Each structure stands twice: as structure tokens, then as C-alpha cells.
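The two exercises below are to be worked through with the sequence and the model side by side. Each task is followed by a solution that goes step by step.

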Amino acid sequence: MKQFIHEIPSPSQNPAIESHYNVVVVGGGMSGLCAAIASARQGARTALVQERSVYGGNASSENRMHISGASCHWGKKNAAETGILMELQLDNKYLNDSYNYSIWDGVLWAKVKETKNLDSYMNTTMDRVFSNGEKIQSIECYQMTTEIRYHFTADIFIDATGNGSLAYFAGNEYVIGREDSATYSEKDAPKVPDGETMGNTIYFVAHDTGRPVKFIKPDWAYSFADETFFKHRYHGNVVVYHDADDVVVLKGDEDYEDHRDQLVEKYDVKSGYWWIELGGDWDDIIKQSEDIRWELYKTIYGVWDHIKNYGDHGAENYELDWVGNLSGWRESRRILGDYVLTENDILANRIFDDGVAYGGWPMDEHVAGGFRAIGQIPSRVRSFPGFYSIPYGCYCAKNIRNLMLAGRDISCSKLAMGSTRVMATCAVGGQAAGTAAAMASLSHLDPREFGERRIQDLRQQLLKDDCFIPGLKNEDPNDLARSAIVSATSEKTSAQRVINGYSRNIGADINEWISDGIGADGETLLLRLAQISEVRQVRIAFDPDLSEERCISVSKAFLEKEPLGVSGHLVKDFTVTALLGNESVLSQSIRGNYQRLCIIDFEKPIECDVISICIKSTNGYPDAKVFEVRIY
């Protein structure tokens with residue numbers, strides 16, 4: 001009888017599939033996702049390597065964390081991040097009013113799949129980096145579902161791994177933990193540096209069954225019967241906020257409007273608590289991550305046991321639906337780049353000449369001991385008014401010339417990282433990094449050279465792609481609308497504002513045309529060009545209400561606060577017409593719009609001297625609202 005033995009092939013017997021790209025992005029969280037899509041949209045051949053089976057990182061169905069950003073959950077007005085992130089969120093609002101995370105996963109996956117020039121490699125782990133300390137030659141990855149090994153070369157790599165793994169293995173300088181106050185002259189940094197970080201968290205979700213439900217704690221779970229464990233760890237139904245001096249004040253169920261520029265937290269028993277956090281004071285938060293995950297798992301069931309079986313937390317009818325099995329990371333390595341953003345930059349609302357992204361979330365520093373720091377306030381929140389820009393140098397690795405950074409591993413101090421780490425800020429930074437990497441590769445420049453020679457080109461491209469950069473206005477010489485004469489059939493605010501260079505309201509400045517109602521024939525914007533021109537594209541930025549959040553969440557506070565469905569402020573039905581000598585030469589109608597940025601491409605360039613935009617209806621608002629029109 002024959003015996004068949006199948007040997008596992010060695011790399012030499014099963015050689016890796018080799019591919020070259022303009023840009024390779026490693027990490028498929030919100031920053032890596034936006035970086036890869038942005039790169040591909042610039043025409044660069046791009047690969048996205050993601051070790052999980054879903055995209056989105058902490059925002060995916062594996063973790064179910066809502067996407068926080070500069071608005072501080074309705075605290076700061078006109079602050080919502082736009083660009084690719086908002087495009088994804090508006091897709092989700094149209095498709096997924098029930099906050100179903102499986103559908104959200106599908107929204108992200110579909111966007112990757114439909115993006116030209118973008119190859120996706122899911123369930124694929126980068127496990128080898130080839131670097132000479134100055135440049136990455138290649139990386140190797142293994143796709144566990146197919147048993148295929150890949151060998152990727154690229155002009156430029158982007159590290160969106162969170163832990164800064166690509167940069168670490170390539171040999172770039174990095175830091176972990178807190179610097180001393182002397183390093184960057186930060187007033188809130190400690191006098192002595194240490195390795196403390198913020199810890200990891202696992203979330204849970206519960207629902208009200210309408211009847212009493214018992215919970216029996218598993219033998220392996222911890223017990224937290226004593227309320228002492230929960231001092232400053234708010235649970236049950238309570239609202240708290242942090243003022244600028246980090247005083248935590250408990251309030252009733254009042255509106256967020258009362259605490260502008262402050263971080264407001266609303267607690268309940270439906271969804272998990274960020275303070276179920278561990279690992280920040282362990283020896284190595286990366287190498288011990290699996291042990292931390294198990295400790296979190298035992299802790300979260302102990303917390304639920306306390307909520308259900310000790311004291312009155314209003315949870316008698318609640319039952320656990322889901323407990324995450326993947327830790328949500330906040331902090332590990334920070335990769336040093338050409339510039340290190342600091343606390344001083346943030347508190348000054350600094351506007352950099354090479355700014356490519358922005359933030360507004362407080363400098364939020366969690367106690368390293370997390371849940372085990374009994375009696376200590378779990379987070380110091382340093383709130384501040386306004387926004388700061390993030391310079392290009394924070395996204396360029398200091399030592400590796402063909403490496404860029406995106407996400408929580410960008411170049412910043414520990415204190416600054418408390419603000420830049422939130423996912424919306426990471427996402428807009430990812431779009432900036434991906435756009436820059438593509439433009440640099442296609443220009444045959446490395447990221448630093450590109451920044452030195454073409455930083456203003458990059459900044460204008462980001463504005464064109466609907467990214468907000470504080471202090472920057474549209475100065476695109478190719479935009480024919482900038483020299484147009486603008487009129488409208490009705491005005492509550494001037495139609496001329498659609499070409500003033502700003503595509504959102506900033507402070508008290510209103511930068512949009514608002515019609516005076518919508519008549520039976522619609523309301524029309526007319527842009528009369530300076531001369532007869534060939535037009536191939538019209539870009540329109542509508543108003544979705546940039547003071548409103550629209551992120552998917554399991555939090556009761558979000559579910560109650562967010563309006564259902566497509567934003568009523570958005571224009572729904574409209575027609576774009578090109579005219580030459582008052583005669584229509586081309587007309588395209590859009591029905592059922594639910595996006596902010598609408599790009600209308602003509603099949604071929606059309607000679608015209610007027611562009612007409614006739615708005616027939618909105619998704620509910622009584623007036624038409626347009627922030628910007630560009631014509632190319």
C-alpha cells in the first residue's frame with residue numbers, strides 16, 4: 001500500500017508572486033483605506049495590504065468604535081471631515097440607516113473594489129521587510145486564505161499599520177511613551193520620560209429585551225462586586241463633560257450645545273465603555289497584546305456582571321448581544337518624521353505653510369493603568385477651542401526616503417498624539433499621504449523631494465478633492481469658475497460665494513449660496529465664463545450640514561442624536577447644462593443625489609461660455625445650498 005506524504009513547500013519551492021506598484025499601503029484601517037483610494041484616484045498603480053478580513057480597523061464590525069474627529073461629537077461647529085471619509089459615511093447613511101456593521105463593512109469593501117488602479121490583498125500579513133536603512137527595497141506578505149506569498153516592490157510605501165510595523169522593521173527611528181517636558185518644551189509633559197502609553201479596549205453591545213434577563217458570570221471572568229472599582233468609571237445612564245481645565249462635571253441629560261469646544265460623554269448600558277482599558281503600563285504593549293486581550297476579555301465579563309447583578313444600573317432587561325474578540329488599539333510606536341507635532345502647535349491652533357490635514361479633538365491622555373488604576377481619573381482631557389493644521393513633514397518618515405506614514409503612528413509627541421490618533425483625523429491624513437505618494441511617484445520624486453518642490457500643488461489637489469485645510473483657499477489656475485460672473489434666480493446669501501475659494505462655513509463667515517426657497521421651475525445658478533472655453537468637468541460641493549456627525553455607532557448617544565437617512569440639507573435632483581451663445585450644447589441630469597461632492601464628467605470636452613446648474617429639489621431642506629462650483 002502506497003503512502004502519500006505532502007510536504008509543506010519551502011519558499012524556494014513555492015516562490016512568491018512578484019508585483020511592482022507605484023504605491024503600496026500596508027494597513028487597511030480608515031487611514032490606510034483613504035490613503036490607498038486617494039493614491040489610486042491620482043492614477044498611481046496602488047496595492048492595499050490588509051491583514052484582516054474587513055476594512056476599517058477600529059471602525060469595522062470587529063471593533064465597532066465610532067469615528068471621532070475634530071467636531072468633538074457635536075461640540076465644534078462646521079468641523080466635520082470631508083473628502084473620502086465623508087464620501088464613505090454618506091454612502092453608509094444612504095444604504096444603512098439601521099447601523100448594521102455588516103453593511104458598513106460592505107460599503108468599505110465595495111469602495112475598494114470599484115476603485116480603478118487599486119489592487120486589494122485581504123487576510124494578508126506583511127511578515128518581511130527588506131531595507132538598507134535608507135530605503136525600502138521590498139516587502140513580503142502571506143495570504144493565509146490562499147496560501148500565497150507575495151513579494152511587493154514599490155516607488156513609495158505607506159505605513160498605516162497602527163503600530164508602525166513597516167517603519168520599525170525598515171529601521172526608521174521611533175518612540176514609545178511619554179517624552180519629558182524638556183524635549184519639546186511642553187508644559188503638560190512629565191519631568192521624567194517613561195514608556196507609558198494608553199491601553200487597549202474591547203467593546204460590548206447589549207439590548208433591551210423588554211423582559212428581565214439574568215446573567216451568570218463565567219468562572220474565568222473577574223469579579224467586581226465592589227463599587228470602588230468603578231470610581232470615575234461612569235456607567236449606567238449619566239452625562240459628563242470635561243472643561244478646559246479637565247474638570248469632569250456630571251450633568252443631567254442636557255444638550256451638547258451647552259458645552260461648545262468640550263468633550264461630552266453620554267453613558268448608558270447599551271454599549272461598551274472606553275475605560276475597559278488595559279496594557280498601557282505593561283512592559284511591551286505590542287509583544288504582550290495577546291495576553292492583554294485575554295485580560296480584557298475577563299474584565300469585560302466582570303464589568304457586565306457588576307452592571308447586571310450589583311446595584312441598580314437600569315440593566316435588568318438587558319442582554320449581551322456581542323463582545324469583541326479583537327482589542328482596539330490607541331497607542332504604541334510613534335514614528336519620527338521630518339516634523340514632530342507638539343502640544344504647543346495644537347494649543348496655538350498653528351497653521352502650517354505645508355499643512356495638509358487638520359484636527360480638533362482634545363489632547364486626550366488616558367491613564368496607563370486603565371481599569372486597574374483604581375480611584376484614578378481614567379483620562380485627562382485637555383480641551384481647546386478651534387483647529388490646528390498638521391504639516392506634511394509629520395507624514396514623511398525621517399530615515400527611510402521612500403516611506404510615508406498614515407494613522408496613529410504619524411510623527412508627533414505623546415501629548416499631540418492624544419488628539420491626532422482619532423480615526424477621522426487619521427483618515428484625512430491618510431488621504432493626504434496617499435495623494436502625495438501618488439503624485440510623488442508619478443513625478444519620479446521621493447516624498448521629501450516632492451514636498452520641497454511641489455507642496456502647494458499637493459495642497460491645492462487636496463482642496464480640489466474636498467479636503468479642508470485651515471487657512472487655505474482655492475487658487476487652482478485651471479479652475480475656470482474662479483473668473484466667472486455668478487448669478488442666481490434667488491438668493492438668501494450671495495451666489496458669488498460659490499467661487500470665493502472656501503467650501504465650508506468658517507467661524508462666522510458664510511461661504512455658500514442659499515436660495516430663497518425652491519420654485520416650481522427650480523432654482524438656477526449661472527456661471528458666465530470669462531471667455532468661450534472647452535469644458536470637460538463640473539465639480540459641485542453641496543452642504544450636508546458640517547456640524548452634524550454621521551458615523552456608524554453602537555452608542556445610544558449617537559443613535560439618539562444622529563438624524564436618520566440622507567441629510568436633508570443635501571441637494572437631491574439637479575441638472576447641469578453647458579451653453580454657448582444662450583444655446584444648450586450639453587445637459588446632464590442627476591437624480592437622487594446623496595453625496596456632498598458631485599463630479600459631472602462630460603464624455604468629451606464641450607465648447608461653451610455658460611454653465612447652468614438648475615436645482616429641482618433637496619432631500620428635505622426648503623432652500624438649495626451650494627458651497628462651491630469648479631469648472632475644468
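**Exercise 1.** Determine which element supplies the largest share of the lining of the second largest pocket, and then describe that pocket.

*Solution.* In this predicted model, the largest share of the lining of the second largest pocket comes from α2, which gives five residues. The next step is to place α2, residues 83-95, among the other contributors, for α1, α3, α9 (423-442), α10 (447-464), β23 (523-542) and β26 (597-618) also supply at least two lining residues each. The lining comprises 26 residues in total, and those nearest the centre of the pocket are Arg41, Glu87, Leu597, Cys598 and Ile599. Sorted by class, the lining holds twelve charged residues, together with seven polar and seven nonpolar ones. The space within this second largest pocket comes to about 680 Å³.

**Exercise 2.** Work out how helices α1 and α3 are oriented towards each other, and state which residues make their contact.

*Solution.* Begin with the geometry: α1 (residues 30-41) and α3 (residues 101-114) pack with their axes 10 Å apart and at an angle of about 30°. Angles under 35 degrees count as roughly parallel, and the two helices α1 and α3 are therefore roughly parallel to each other. As to handedness, the crossing in which α1 passes α3 is left-handed. From α1 the contact involves Met30, Leu33, Ile37 and Arg41, while α3 contributes Trp104, Leu108, Lys111 and Val112. Classifying these residues gives six nonpolar and two charged, with no polar residue in the contact of α1 with α3. Arg41, a member of this contact, is also one of the residues nearest the centre of the second largest pocket.

Conventions: Residues are numbered from 1 along each chain as its sequence is written. This is a predicted model: local features need pLDDT of at least 70, side-chain atom pairs count only at pLDDT 80 or more; totals for chains, interfaces and linings use all residues. Side-chain values use heavy atoms; hydrogens and water are left out. Axes are lines fitted to C-alpha atoms, for helices over the stretch in contact, and angles run from 0 to 180 degrees between N-to-C directions. Helices (H or I, at least four residues) and strands (E, at least two) are DSSP runs, numbered from the N terminus. Angles under 35 degrees count as roughly parallel, over 145 as roughly antiparallel, 65 to 115 as roughly perpendicular and the rest as oblique. A crossing is left-handed if the near helix is turned anticlockwise from the far one by less than a right angle, and right-handed if clockwise. Contact means heavy atoms within 4.5 Å. Ala, Val, Leu, Ile, Met, Phe, Trp, Tyr, Cys and Pro count as nonpolar, Asp, Glu, Lys and Arg as charged, and the others, Gly among them, as polar. On a 1 Å grid over the protein atoms alone, a cavity is a set of points where a 1.4 Å probe fits but cannot get out, and a pocket is an open set with protein on both sides within 12 Å along at least five of seven lines; lining residues have an atom within 4 Å of a point. Grid points are joined across faces, edges and corners, and a volume is the space filled by probe spheres set on the points.
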